[in-house]
Amino acid sequence: MRILLVEDDRLLGDGLQAGLTQAGYAVDWLRDGEAAVTALSTESFAAVVLDLGLPKRDGLSVLQWLRGRHDATPVLILTARDQLEDKVRGLDLGADDYVLKPFDLDEITARLRALVRRAHGRPEPVLAVGEIELNPAARSVTRGGQAVELTPREFDLLHLLLENTDRVLTRRTLEEQLYTWNEAVDSNALEVHIHHLRKKLGNDLIRTVRGVGYMVPAGATP
Amino acid sequence: MSRPYSLRRRLVWLLTGSVAAIWLLSALVVYQRAHHEADELLDDQLTQVADTLLAIVAAGEVEHFAKELQDHSHHNPVPIAFEVWHDDDGRMLRLATSMGHAGFESGIGPGFSERQYEGARWRFYAVQDPDAEYRVVVGQAHAAREGLAREIGLSLLIPAALALPLMALAVWWGIGRNLRPVDTVAHQVGALDVQALTPLDESPALPEEIAPLRTALNALIRRVNEAFENERRFTADAAHELRTPLAALKVQTQVALRAQTADSQQHALAQVIVGVDRMTHLVEQLLTLARVDPATQGSPPAPLDPAEIVATVCEELLPQAQRQGQTLTVDAAAGCRIAITAAWLQVAVRNLLDNAVHYAGEGARIDVHIAHRETGCAITVADDGPGVAPALRSQLSARFVRGEVENEGCGLGLSIVARIAALSHAQLELGDGLPRADGGHGFAATLHFSAPAAPT
C-alpha cells in the first residue's frame with residue numbers, strides 16, 4: 001500500500017517514514033507543498049499523510065487543490081493546531097481524518113487502514129474472497145481458517161488485489177502501489193510474487209489478463 | 001479618583017449664572033442712564049415752570065394766576081412746589097405758593113440746588129427777573145426722579161427674572177439632548193465583547209467634539225486586537241513548534257522499539273538524540289525570550305563598551321566557525337558607549353553571530369563591526385552567504401519564522417534580538433551583507449543603538 005507523506009520536519013518525517021514502512025506501507029516522503037502537488041498530479045497513492053505547516057505551499061492549499069481536481073485519495077492531516085476552527089476548516093476542505101501532534105504510531109496506522117477501507121466502500125475490517133481472509137490490521141492471511149505465511153511484499157500485493165476485486169490492475173498500477181521511488185524494481189519481480197501467492201493460496205484466486213495485468217474475481221473459489 | 005461631577009449641572013449653573021449677572025449689570029446701567037435722563041427731563045421741567053411763573057408775575061398777573069393755580073391744584077395736584085417772592089423795597093414778600101405748602105427754607109440760591117425739605121431730599125431751582133424785583137423758587141422731591149429710573153430699571157429686570165428659570169430649563173434640556181451621543185458611545189463600548197473586540201460602528205454621525213473619542217477608541221481597539229492576534233499566533237506557533245519535535249521523538253522511539261534490524265534501531269535512537277537536542281535548544285530560546293522582559297531589568301542600565309562582550313561571543317563561536325572553514329573578523333571602533341544590560345547584549349550578539357555561522361555556509365566570510373554613527377553606536381554582523389530575499393527579511397524577526405534554507409533552527413533567534421532591540425531603544429536592520437563572488441550579497445543584521453543620555 002503506497003502512502004505519500006508530506007512533512008517538512010526532518011526528524012518527524014524520517015520517523016514516520018520508518019514507522020509506516022515497519023507497518024507495511026510503501027512510503028514516499030516529500031518536504032514541501034509544491035513537491036506534493038507535483039507528485040499527486042502524476043501518480044496515485046492509497047492515502048496521503050499531510051502536515052499543514054509546509055514550506056512553499058500550505059497543507060490546506062494542497063488539500064484544496066487535490067479536491068479541486070476531484071481526486072478522492074484519502075487524506076489524513078497531521079497538525080499541531082488544536083483549535084476547533086482549524087479542525088473544522090481542514091475537514092471542510094476535504095480532509096478525511098485529523099490527527100493532533102504528538103500522536104502514536106499505532107493510531108496513525110489504524111486511521112490509515114480505516115481510511116483505505118472506507119475509500120473502497122467496505123465497512124468490515126477483514127477482506128474475504130472464498131475461503132481466503134486477509135486482516136489488514138493484523139497483517140495476517142488465512143486459508144480455510146489456517147494461517148498462511150506471506151512475505152510483506154506478497155501480503156501487500158494480495159491486499160491490493162483483494163481491495164480491488166473484479167478490477168483488472170495493470171502491472172504499472174501494481175508496481176506504483178507497491179514500490180516507492182527509492183526502490184529498484186526487477187522487471188520480473190511482480191511475476192515472482194504472483195507465482196508465490198498462487199503456490200500458497202491456490203491457482204484459481206488470481207487470474208492473469210494477458211497483456212493487461214491481474215485481477216481477483218469477487219466470486220473466486222480457490 | 002476625583003469626585004465625579006455633572007457636566008450638565010455645571011453648564012446650567014455657569015450659563016444661568018453668567019446670564020443673570022449680565023442682566024443685572026445691564027439693569028444697573030439702564031437704571032443709571034434712566035436716572036440721568038430723568039434728571040435732565042425734570043430739570044427742564046423745573047426751569048420751564050420757573051420761567052413761566054416768572055413771566056406771569058412780571059406781567060402782574062400773579063394774584064389772578066395764583067388763584068387759578070390754587071383752584072386747579074384742588075383737582076390736579078402738581079408734583080412741583082413753588083414760591084413767588086417780590087422785592088418790596090428791600091423787603092422780600094411771598095406773593096404766592098403752591099398748594100399745601102409749608103414754605104421753603106430761606107437762602108435757596110439761584111440756579112439748581114439740592115437740600116432737605118420736610119424730611120426728604122428735594123431739588124430746587126431759583127430764578128429772578130433782571131431787575132431782581134421778582135424771584136421764583138420751584139422744587140421737587142428727589143423721590144420722583146428715582147421712582148422713574150427704578151421703574152425703567154425694573155421693567156428690564158422683571159422679565160429677565162421670569163425668563164431665567166425658563167432659560168435654565170432650556171439649557172438643561174439642550175445639553176442633555178446634545179450629550180446623548182456620549183451615551184450612545186458609552187453603550188457601544190459597554191456592549192463590546194472582550195473575546196471578540198470589534199471597532200465601534202462608525203456610521204452614526206457624532207458631533208465633532210465627540211467623534212475624536214470614538215476614533216481614538218477604535219484605534220485602541222485595533223491595537224488591542226493586534227496584540228491579541230500576535231499572542232494568539234504565538235500560542236499557535238509555539239504549539240506547533242513544541243508538538244512537532246515531541247511527535248518526532250515519540251515516533252522515533254516507537255520505531256526504535258519495533259526495529260527489526262540493529263541498524264534501523266541505531267538510526268532511530270540517534271534521531272531521538274537529535275530531537276532532544278532540538279527541544280533543548282527550543283526550550284532555552286523560549287526561556288531567553290521570556291527572560292528578556294523589562295520587569296527583570298531593574299534600574300536603567302549604565303552605558304558600557306560593547307567591544308569586550310562582542311569579543312567574548314566571537315571567541316565562543318570561533319571553533320564552530322573554523323570547523324566549517326569560515327573566517328571570522330572583528331573590527332571594533334574604540335570608545336563606543338551603549339546603554340544596555342550586559343546579558344542582553346551578549347544574547348543579541350550571540351544570536352546574530354550564531355545565525356551567521358549556521359546559515360552562511362562552508363567557507364563563508366563573517367565580519368563583525370562596531371562603528372560610530374551620527375546617532376550612536378552600531379553593531380553589524382555581515383556574511384557573504386546565500387543571503388535572504390528582501391521580501392522575507394521583514395518577516396524574519398517574527399517569532400517562529402525561519403529563513404528558506406534547510407535548517408533545524410527554531411525560528412526564535414532574530415525575534416529575541418528584535419525584542420532586546422525594542423527594549424534597549426535600538427533598531428534592528430536586516431539588509432545586504434558582504435558581496436559574493438557571483439555578484440550577489442550575503443546577509444547582514446545591524447543593531448543601531450542611540451547614544452546614551454549624558455549623565456546628569
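Author: Let's begin with a term we will need: a residue is buried if 20 or more other C-beta atoms lie within 10 Å of its own, with C-beta atoms placed from the backbone. One more thing to keep in mind as you look around is that this is a predicted model.

Reader: Thanks! Which residues of H10(B) are buried?

Author: Helix H10 of chain B covers residues 413-423, and nine of its eleven residues are buried, so it is largely enclosed by the rest of the structure. Using the cut-off above, the names to look for are Gly413(B), Leu414(B), Ser415(B), Ile416(B), Val417(B), Ala418(B), Arg419(B), Ile420(B) and Ala421(B).

Reader: What covers the buried residues of H10(B)?

Author: Both helices and strands of chain B take part in the cover. Going along the chain, the cover includes helix H6 (262-291), helix H8 (342-359), helix H9 (390-396), strand E11 (426-435) and strand E12 (441-449).

Reader: And which residue takes a positive phi just after H10(B)?

Author: Look just past the end of H10(B), where a phi of about 55° turns up. The residue with this positive phi is His425(B).

Reader: Let me step back to the whole of chain B. What share of its residues is buried?

Author: The secondary structure of chain B comes to ten helices and twelve strands. Of its contacts with a separation of 6 or more, 65% are between residues 24 or more positions apart. Out of 456 residues in chain B, the buried share is 25%.

Reader: What is the buried share in chain A?

Author: Chain A has eight helices and twelve strands. For its contacts with a separation of 6 or more, residues 24 or more positions apart account for 58%. Among the 222 residues of chain A, the buried share is 39%.

Reader: Which helix gives the largest share of the side of chain A that touches chain B?

Author: Where the chains meet, 19 residues of chain A are in contact with 21 residues of chain B. Nine of the residues on chain A's side come from one helix, spanning residues 10-22, and this is helix H1 of chain A.

Reader: How do the residues on that side of chain A divide by class?

Author: Sorting the residues of chain A that touch chain B gives three groups. The division is eight nonpolar, five polar and six charged.

Reader: Now to helix pairs. Are H1(B) and H3(B) roughly parallel or roughly antiparallel to each other?

Author: Helix H1 (residues 7-58) and helix H3 (residues 142-178) of chain B have axes that come within 8 Å and cross at roughly 165°. The crossing is right-handed, and by class the contact has 25 nonpolar, five polar and five charged residues. Angles over 145 degrees count as roughly antiparallel. The pair is therefore roughly antiparallel.

Reader: What word describes how H6(A) and H7(A) lie to each other?

Author: In chain A, helix H6 (residues 152-163) packs against helix H7 (residues 171-178) at about 125°, with the axes 10 Å apart. H6(A) makes a right-handed crossing as it passes H7(A). An angle that is not under 35, not over 145 and not from 65 to 115 degrees counts as oblique. The two helices are therefore oblique.

Reader: Which residues of H7(A) make that contact?

Author: By class, the residues where H6(A) and H7(A) touch are four nonpolar, one polar and two charged. From H6(A) come Arg153(A), Asp156(A), Leu157(A) and Leu160(A), and from H7(A) come Leu174(A), Gln177(A) and Leu178(A).

Reader: How far does H6(A) reach from its first C-alpha to its last?

Author: H6(A) has twelve residues. Its buried residues include Phe155(A), Leu158(A) and Leu162(A). From end to end, its span is close to the value expected at 1.5 Å a residue, and that reach is 16 Å.

Reader: Last one: which residues is Asp97(A) in contact with, leaving aside its neighbours within four places in sequence?

Author: Asp97(A) sits in strand E5 (residues 97-100) of chain A and is partly exposed, with 18 other C-beta atoms within 10 Å. Leu115(A) is 18 residues away in sequence, with 7.9 Å from C-alpha to C-alpha. With those neighbours set aside, the contacts of Asp97(A) are Leu76(A), Arg111(A) and Leu115(A).

Methods: Residues are numbered from 1 along each chain as its sequence is written. Chains are lettered from A and ligands numbered from 1 in the order in which they are written. This is a predicted model: local features need pLDDT of at least 70, side-chain atom pairs count only at pLDDT 80 or more; totals for chains, interfaces and linings use all residues. Two residues are in contact if their C-beta atoms, placed from the backbone, lie within 7 Å. Helices (H or I, at least four residues) and strands (E, at least two) are DSSP runs, numbered from the N terminus. Ala, Val, Leu, Ile, Met, Phe, Trp, Tyr, Cys and Pro count as nonpolar, Asp, Glu, Lys and Arg as charged, and the others, Gly among them, as polar. Axes are lines fitted to C-alpha atoms, for helices over the stretch in contact, and angles run from 0 to 180 degrees between N-to-C directions. A crossing is left-handed if the near helix is turned anticlockwise from the far one by less than a right angle, and right-handed if clockwise. The expected span of a helix is 1.5 Å times one less than its number of residues. A residue is buried if 20 or more other C-beta atoms lie within 10 Å of its own, exposed if 12 or fewer, and partly exposed in between; C-beta atoms are placed from the backbone.
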